[in-house]
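Work through the exercises below with the model open beside the text. Each task is followed by a solution in steps.

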Amino acid sequence: MSDRAMVGIVLVSHSAALAEGTAELAGQIAGGIVTIATAGGTEDGRIGTSIDKVERALRLADGGAGVVILPDLGSSVLTVRALLADADDLPDQVAVADAPFVEGAVAATVTAAAGGDVKAVLSAAEEARHARKL
Amino acid sequence: MPESCEASVTLAGDLHARPAGALAVAAAKFSSSVELVVGASRADAKSVLAVMGLGASSGQQVTVRAAGPDAREAVDRLIGILAEATKVGG
């Protein structure tokens, strides 16, 4: 299981700082072995989303085993959907997680680090909706 | 023939996010089911969020229970991580 390529993670946020901070946290918890690419903010550094940033992150995150994308809110989802509908030559296995951003990123990254496939990583992220923190 | 196995360790430090991640990554590589028991709380060891949700702290006893073909290896591995990773916290 662990000798294959790992699933990559893409974090899409309206805020570059939020995406990068979440990537740092999830990466450390999972031992730093998973590729986590971020697409935060607009091209000119404002709060918002950028389809080009998401596309670059998706290509960066793909190591051959597929990619799971976590959008933060609202138009992050729309931007991801627009990219997946329109772009050519994307990685073969791409899934979008309907999950809380921080918890989903941590759960997805840990499952990717353990060698889980796209389906396992996606369900780990989505199960984070039910995780209690207290 | 599935087997089950369990062992306990007393934490030398709090079970922080990083050791929880190391535990979940290790647990997910076994085919056996693995759970952690702390007092009245249980968590699937393969779920990092569930492990963190235990809030296990220094001095508490954690029991690792596994059931399946590699239960013994899973328990040995996780007990080792719990003993080592909570030494300095995380």
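**Exercise 1. Classify Arg56(A) and find its partner**

Task: State whether Arg56(A) is buried, partly exposed or exposed, and identify the residue whose side chain meets that of Arg56(A) in a salt bridge.

Solution.
Step 1. The relative accessible area of Arg56(A) is 48%. Buried means under 20% and exposed means over 50%, so a value in between is called partly exposed. Arg56(A) is therefore partly exposed.
Step 2. This is a predicted model, and in it the side chain of Arg56(A) forms a salt bridge with that of Glu43(A), at 3.3 Å from N to O.
Step 3. Arg56(A) belongs to helix α2 (residues 51-61) of chain A, while Glu43(A) sits in the loop between β2 (36-40) and α2 of chain A, so the pair ties together parts that are 13 residues apart in sequence.
Step 4. Glu43(A) has a relative accessible area of 46% and is partly exposed.

**Exercise 2. A salt bridge inside one helix**

Task: Determine what separates Glu55(A) and Arg59(A) in helix α2 of chain A.

Solution.
Step 1. Glu55(A) and Arg59(A) form a salt bridge, and their closest N and O atoms are 2.6 Å apart.
Step 2. The two residues are 4 residues apart in helix α2 of chain A, so about one helical turn separates them.
Step 3. Glu55(A) is partly exposed at 23% relative accessibility. Arg59(A), with a relative accessible area of 36%, is partly exposed.

**Exercise 3. A network in chain B**

Task: Find the parts of chain B that the pair Glu6(B) and Arg65(B) ties together, and name the residues of the network they belong to.

Solution.
Step 1. A salt bridge joins Glu6(B) to Arg65(B), with 2.9 Å between the closest N and O atoms.
Step 2. Glu6(B) is in strand β1 (residues 3-10) of chain B and Arg65(B) in strand β4 (residues 61-68) of chain B, so the salt bridge ties together parts that are 59 residues apart in sequence.
Step 3. Glu6(B) is partly exposed at 48% relative accessibility, and Arg65(B) is partly exposed at 29%.
Step 4. Through salt bridges that share partners, Glu6(B), Glu35(B), Arg42(B) and Arg65(B) are joined into one network.
Step 5. Over all chains, the structure holds 8 salt bridges.

**Exercise 4. The interface between the chains**

Task: Describe the contact between chain A and chain B by its residues, its buried area and its salt bridges.

Solution.
Step 1. On chain A, 14 residues are in contact with 12 residues of chain B.
Step 2. About 990 Å² is buried between the two chains, 75% of it on carbon and sulfur atoms. Of the area that chain A buries against chain B, 43% comes from Ile29(A), Val110(A) and Ala114(A), more than from any other three residues.
Step 3. There are 0 salt bridges between chain A and chain B. The count of residue pairs in polar contact between them is 1, with both residues at pLDDT 80 or more.
Step 4. On the side of chain A that touches chain B, the elements giving two or more residues are α1 (16-29) and α4 (101-113) of chain A. The largest share, 5 residues, comes from α4(A).
Step 5. The residues of this side of chain A divide into 10 nonpolar, 2 polar and 2 charged.
Step 6. For confidence, the predictor gives the complex an ipTM of 0.89 and a pTM of 0.93. Chain B has a mean pLDDT of 93, and 94% of its residues reach 70 or more.

**Exercise 5. Three residues of chain A**

Task: Sort Leu18(A), Ser76(A) and Asp89(A) into buried, partly exposed and exposed.

Solution.
Step 1. Ser76(A), in helix α3 (residues 75-86) of chain A, has 0% relative accessibility and therefore counts as buried. Leaving out residues up to four places away in sequence, Ser76(A) touches Val12(A), Ser13(A), His14(A), Thr49(A) and Pro71(A).
Step 2. Leu18(A), in helix α1 of chain A, counts as partly exposed at 37% relative accessibility. With the residues up to four places away in sequence again not counted, Leu18(A) touches Ser13(A), Asp72(A) and Phe101(A).
Step 3. Asp89(A), in the loop between α3 and β4 (94-96) of chain A, has 70% relative accessibility and so counts as exposed. Asp89(A) is not a glycine, yet its phi is positive, at about 65°.

Terms used. Residues are numbered from 1 along each chain as its sequence is written. Chains are lettered from A and ligands numbered from 1 in the order in which they are written. Side-chain values use heavy atoms; hydrogens and water are left out. Contact means heavy atoms within 4.5 Å. Buried area is the accessible area (1.4 Å probe) that two parts lose on being put together, summed over both. A salt bridge is a side-chain nitrogen of Lys or Arg within 4 Å of a carboxyl oxygen of Asp or Glu. A polar contact is a pair of N or O atoms within 3.5 Å; within protein, one must be able to donate a hydrogen and the other to accept it, and residues adjacent in sequence count only if both atoms are side-chain atoms. Ala, Val, Leu, Ile, Met, Phe, Trp, Tyr, Cys and Pro count as nonpolar, Asp, Glu, Lys and Arg as charged, and the others, Gly among them, as polar. pLDDT is the predictor's confidence in each residue, from 0 to 100. Buried means under 20% relative accessible area, exposed over 50%, partly exposed in between (1.4 Å probe, protein chains only).
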